[in-house]
Amino acid sequence: MTKTSLHAVLPWLVLALLAALVLLLPLPVAAAAPRARRFRIEASQFAYSPAVLRVNPGDQVTIELAPQDVVHGLSIDSYPVDLQADPGQVASLTFTADRPGVFKLRCSVTCGNMHPFMTGKLQVGPPTLLWRSLGLALVALAAALLPRFK
Ligand SMILES: [Cu+2]
C-alpha cells in the first residue's frame, strides 16, 4: 500500500471503527439502586395520565389504575400486568421492572370507539437505542463531510 492510498483510506477506517464502537460499546449506565416507585394513573376515554412511566431496571413498580369515566384496564406488554377497575375505584399491582426496554401500555377493556388508541409506555432504563442512533447519525455526518477536508 502506498503512502497516498493509506492517506485516503485511513479516515474511513477510523469512521468505520467509530461506528462499530457506537453500536457495540456498553453505555456507562449509572448504577442506580433499585427503588420502590409508585404511579397513580388516571384513565379516561381515551388516554392515560401520566402516559409515560420511566423507571430503572430492578425498581419495584406499583401502579394504581384510577378510571375517571368508564371501566378501563391497563396491561403492559411483556410484563405480567393486567389491571381493571370501575370508575371511582382503584386497582393496584406491584411488579419488578426486570426487563430493560420500552413496553407498551394498553387498555385491556373495550372502553369505546377509540379504545385501540388508548396506550402509553413503560420505559425501563435509559433510552440506549436513541443514544446509539444519535451516535450513528454523527458518524454518518462526519463521513459526509470527510471528502471536503482533503
Ligand atoms: Cu380504556
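This report describes the domains, sheet, core and local backbone features of a predicted model.

## Domains and helix 2

The protein is divided into two parts: domain 1 covers residues 3–28 together with 130–149, and domain 2 covers residues 36–125. The centres of domain 1 and domain 2, taken over C-alpha atoms, are separated by 40 Å.

Helix 2 spans residues 128–145 and has 18 residues. At 1.5 Å a residue, helix 2 should span 26 Å, and its end C-alpha atoms are indeed 26 Å apart, so the expected and computed values agree. The number of buried residues among the 18 of helix 2 is zero, and the helix therefore lies largely in the open.

## The four-stranded sheet

Strands of a sheet pair through backbone hydrogen bonds, either parallel or antiparallel. Here, four strands form an open sheet in the order 2-1-4-7, with mixed pairing. Strand 2 (47–49) and strand 7 (91–96) are the edge strands, each pairing on one side only. On average, neighbouring strands of this sheet are turned by 25 degrees against each other, direction ignored.

The pairings can be followed across the sheet. Strand 1 and strand 2 run antiparallel and are joined by three bridges. Strand 1 and strand 4 run parallel, with eight bridges between them. Strand 4 and strand 7 are antiparallel and pair over six bridges. Glu-42 has a bridge partner in each of two strands: Ser-49 in strand 2 and Ala-66 in strand 4. Glu-64, in turn, stands opposite Ser-92 in strand 7.

## Strand 4 and the nonpolar core

In a regular strand the side chains alternate between the two faces of the sheet. Strand 4 shows this alternation: Val-61, Ile-63, Leu-65 and Pro-67 point to one face and are buried. Gln-60, Thr-62, Glu-64 and Ala-66 point to the other face and are not buried.

In soluble globular proteins, nonpolar side chains tend to be buried together. The largest nonpolar core of this model has 17 residues. Those with the most contacts inside this core are Ile-41, Ala-43, Ile-63, Leu-65, Leu-74, Leu-105 and Leu-122. Two or more residues of the core come from each of strand 1 (36–44), strand 4 (60–67), strand 5 (72–76), strand 8 (101–106) and strand 9 (119–124). Strand 4 gives the largest share, three residues. Leaving aside residues up to four places away in sequence, Ile-63 touches Phe-39, Ile-41, Leu-74, Val-81, Leu-83, Ser-92 and Leu-93.

## Local backbone features

Most residues other than glycine have a negative phi, and most peptide bonds are trans. Two peptide bonds described here are cis. One joins Gln-45 and Phe-46, with omega about 0 degrees; Phe-46 is found in the loop between strand 1 and strand 2. Another runs from Ser-49 to Pro-50, with omega near 0 degrees; Pro-50 is found in the loop between strand 2 and strand 3 (52–55).

Ser-78 is not a glycine, yet it has a positive phi of about 70 degrees. Ser-78 lies in the loop between strand 5 and strand 6 (81–85). A residue counts as exposed if 12 or fewer other C-beta atoms lie within 10 Å of its own. Ser-78 has 11 C-beta neighbours inside 10 Å and therefore counts as exposed.

Note on methods: Residues numbered from 1 in each chain as written. Predicted model: local features only at pLDDT ≥ 70, side-chain atom pairs only at ≥ 80, totals over all residues. Expected span 1.5 Å × (residues − 1). Buried ≥ 20, exposed ≤ 12 C-beta atoms within 10 Å, placed from the backbone. Core = buried A, V, L, I, M, F, W, Y, C linked by C-beta atoms within 7 Å. Contact = placed C-beta atoms within 7 Å. Domains from an automatic or database assignment. Pairing = 2+ DSSP bridges. Axes fitted to C-alpha atoms, helices over the stretch in contact; angles between N-to-C directions.
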